[in-house]
Amino acid sequence: MSRNEFDPQILSRFAANRTSRRRFIGGGAAAAAALAMGGSFLAACSSDNKSATGGTSTHEGPASGTLRISNWPLYMADGFVADFQKATGITVDYKEDFNDPEQWFAKVKEPLSRKQDIGADLAVMPTFLMVRLHNLGWLNDISDASLPNKKNLRPDLLEASADPGRKFSAPYMSGLVGVAYNRSATGRDITKIEDLWDPAFKGRVSLFSDVQDGLGMIMLSQGNSIDKPTTETVNKAIDLVREQKDKGQIRRFTGNDYASDLAAGNIAVAQAYSGDVVQLQADNPDLKFVVPESGATTFVDNMVIPYTTQNQKAAEAWINYVYDRANYARLVAFVHGVPVLSDMTDELNKVDPEAAKNPWINPSKDVLDKSKGWGPLTDEQSKQYGDAYAAVTGG
Amino acid sequence: MAGAATSNRQRSKLAPYLMILPALAYLGIFFVVPFFSLARTSLSSSGGSVYLPTLEFNWDFGNYLEAFSHYQDQIIRTFVYALVATVLCVLLAFPLAYVIAFKAGRYKNLILGLVILPFFVTFLIRTIAWKTILADDGWVVGALGSVGLLPSEGRLLSTSWAVIGGLTYNWIIFMILPLYVSLEKIDPRLMEASKDLYSTNRRSFTKVILPLSMPGVLAGSLLVFIPASGDFINADYLGSTQTTMIGNVIQKQFLVVKDYPAAAALSMVLMLIILVGVLLYTRALGTEDLV
């Protein structure tokens, strides 16, 4: 077994952990819920200044009242919210209503632009979206004084170029974006991006529709940097994707919903999130996750406090609670992401020794060296790249 | 006395208007107002900041030209799919509705109940179930492959046929019910009369049953074709990157790219084409007796 594959012993434990399939079932389930529930789902996201929750944030006294959290589906450990409520006396209204960043933004941008409540005091989102909201002036700063546990944050994330010093954002979970394949469908190992274009896999490849997760590893394979992307390098990757799409090589552009097709054997090779594949392997040992030779990309999901929050102090108390290593170990053991706190091995060993040994939860230096994060983009760049890629993925 | 009679008469004259008032108000608020808003957006151009663009209404017909030139493939594909699905619905639903109306006897209600039963399950779940049935490694593909009936791609899922099949399956109930209603209304004595006049079974069908069931065919076709044209779920779950319909493009333009004028123009184009198609169709088949 290569270093880039998962330990089968860990898999059996994850098999029991079906509810943590966040990116896998989560995407589809939330989309289904959104469609099925229609009005009520939208109502949850609509502006409602009267929502009978928590008091307006004050700077006096301890945090209290109600805290409304919007997070991705299945991105939470069992009992975590209840324990937070017990420890702090804060009531949590926890919603798994964050599924697709762009669609979430499409829903909240009108109320937020009018400074109307969006039904969330704290939300978890990828870096690019948090930067966008910050640039629009829609995020509150997070007070360092309320966050003694901030010292536990990984130094590289604390000084990330997207938010140096982490003034308005608090990393929640990180992970790798690489390639997953169904060994019984491919009949061979996949090691590099070029393998995705093998005519043998025609119509059985899926790519992410998200610009950063989808194009990042392709740009790396073309010898380009994603730390300082340019229109030229992004377009070069888009051109390649368009060419492969027109050939019929690419079956679907996906969000988090690639995994069911991969497990079912409809997709042979997919761009994938590391944590998902761990969980899928429990049911299907033929599935493998690799960091392509040219490198993988990383993602970071962050907790942010919208400027319409009705309970800033409770939101900060939540972040501080998450940043306690013992508490955070429970989250990691459930979600299987790469921790955003440093030195997690001891605490993980207490909660889940197998997870502590997992190469994807504690990635090796080799893997980390090959994994790159996107550099900061201006709004214009983000929009331009997003539209250009959407023209390929949407039509 | 006379005064009371007049006011009664006036009231009864007003009654129909009062009765349609709620429906009119509903249409006004939820159709007319959004329609004008959509039409206005489709003729606007966006400017200002990247993520909070301001829409300026300036009769920008360029949005329509762009919609046509960029997405003509998807527009054509959409109407081909919807048309094929509608024809398939007629072919599948007619014999079924005929049997229910004329041959089912005391099982009529049972069969009608069975027809409606699957629709108690949500649309989305039924569509996703087809992914499992049509999976590349599934038994359907295996069975068809072994008798050499697979499409050229060597699979069923993520092909045009899967999308058309999904559309047919999801909307067929809207064909069966109107067809059943119009067939059920046909007086059986008309068929007896045609037999008395030495008509063959086939001639009885083409000269009596078919013309009298046309209102059902017409209503069913509209009820299937219109929603199938705007559908994006089937193409999303059962299709591939080669089978996107105009609904998928509109969804992406509204929610991901957030180019509202382009999305609105595409929606207007979709509506206009459906409207023209429906007008031509109803002219050809006649509309005096819808259902």
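## Two chains, one predicted model

In chain B, take the contacts between residues at least 6 apart in sequence: 69% of them join residues at least 24 apart. In chain A, the matching figure is 81%. Both values come from a predicted model.

Chain A has 395 residues, and 53% of them count as buried. Chain B has 291 residues, and its buried residues make up 32%. The reasoning behind that label is a count of neighbours: a residue is buried if 20 or more other C-beta atoms lie within 10 Å of its own.

## The build of chain B

Chain B contains 12 helices and 2 strands. Their order, read from the N terminus, is α-β-β-α-α-α-α-α-α-α-α-α-α-α. One helix opens the series, the two strands follow, and helices fill the rest.

How does the spread of chain B compare with a compact globule? A compact globule of 291 residues would have a radius of gyration near 19 Å, whereas chain B has 24 Å. Along the principal axes, the C-alpha atoms of chain B fill a box of roughly 85 × 75 × 35 Å.

## Two domains in chain B

The domain assignment splits chain B into domain 1 (14-60) and domain 2 (72-285). The C-alpha centres of these two domains of chain B lie 30 Å apart. Their contact takes 9 residues from domain 1 of chain B and 6 residues from domain 2 of chain B.

Look at the side of domain 1 of chain B that touches domain 2 of chain B. Helix 1 (2-42) and strand 1 (44-48) of chain B each supply at least two of its residues. Helix 1 of chain B gives the largest share, 4 residues. By type, this side of domain 1 of chain B has 3 nonpolar, 5 polar and 1 charged residues.

## A buried valine in chain B

Find B:Val249 in helix 11 (residues 246-257) of chain B. Is B:Val249 buried or exposed? B:Val249 counts as buried because it has 28 C-beta neighbours inside 10 Å. Now find B:Gly142, which is 107 residues from B:Val249 along the chain. The C-alpha atoms of B:Val249 and B:Gly142 are separated by 33 Å.

## The build of chain A

Chain A has 18 helices and 10 strands. Start with helix 6 (residues 127-135) of chain A. Which of its residues are buried? They are A:Thr127, A:Met130, A:Val131, A:Arg132 and A:Leu133. These buried residues of helix 6 pack against strand 3 (122-126), strand 9 (296-304) and helix 18 (379-393) of chain A. After helix 6 of chain A comes A:Gly137, with a positive phi near 80°.

Next, turn to strand 6 of chain A. It is largely enclosed by the rest of the structure, because 5 of its 5 residues are buried. Strand 6 of chain A runs parallel to strand 5 (residues 205-208) of chain A, and 4 bridges join the two. Across this pairing, A:Ser206 stands opposite A:Arg252 of strand 6 of chain A.

## Where the chains meet

How many residues of each chain take part in the contact between chain A and chain B? The contact involves 27 residues of chain A and 24 residues of chain B. On the chain A side, helix 2 (22-37), helix 5 (101-113), strand 6 (250-254) and helix 18 each supply at least two residues. The residues on this side of chain A divide into 9 nonpolar, 8 polar and 10 charged.

## Nonpolar cores

The largest nonpolar core has 112 residues. Those with the most contacts inside this core include A:Leu122, A:Ala180, A:Val269 and A:Trp318. Strand 4 (residues 170-182) of chain A gives the largest share of the core, 8 residues. Why does the core lie between two domains? Domain 1 (19-173 + 299-361) and domain 2 (175-298 + 375-390) of chain A both give residues to the core, so it lies between them.

A:Val269 deserves a closer look. Leaving aside neighbours within four places in sequence, A:Val269 is in contact with residues including A:Val179, A:Tyr181, A:Ile190, A:Phe201 and A:Val205. Apart from the largest core lies another core, of 53 residues. Its residues include B:Ala93, B:Ile100, B:Ala101 and B:Leu270.

Conventions: Residues are numbered from 1 along each chain as its sequence is written. Chains are lettered from A and ligands numbered from 1 in the order in which they are written. This is a predicted model: local features need pLDDT of at least 70, side-chain atom pairs count only at pLDDT 80 or more; totals for chains, interfaces and linings use all residues. A residue is buried if 20 or more other C-beta atoms lie within 10 Å of its own, exposed if 12 or fewer, and partly exposed in between; C-beta atoms are placed from the backbone. Two residues are in contact if their C-beta atoms, placed from the backbone, lie within 7 Å. Domain bounds come from an automatic or database domain assignment. Ala, Val, Leu, Ile, Met, Phe, Trp, Tyr, Cys and Pro count as nonpolar, Asp, Glu, Lys and Arg as charged, and the others, Gly among them, as polar. Two strands pair if DSSP finds at least two bridges between them. The radius of gyration is taken over C-alpha atoms; the globule rule is 2.2 Å times the number of residues to the power 0.38. A nonpolar core is a set of buried Ala, Val, Leu, Ile, Met, Phe, Trp, Tyr and Cys residues joined through C-beta atoms within 7 Å.
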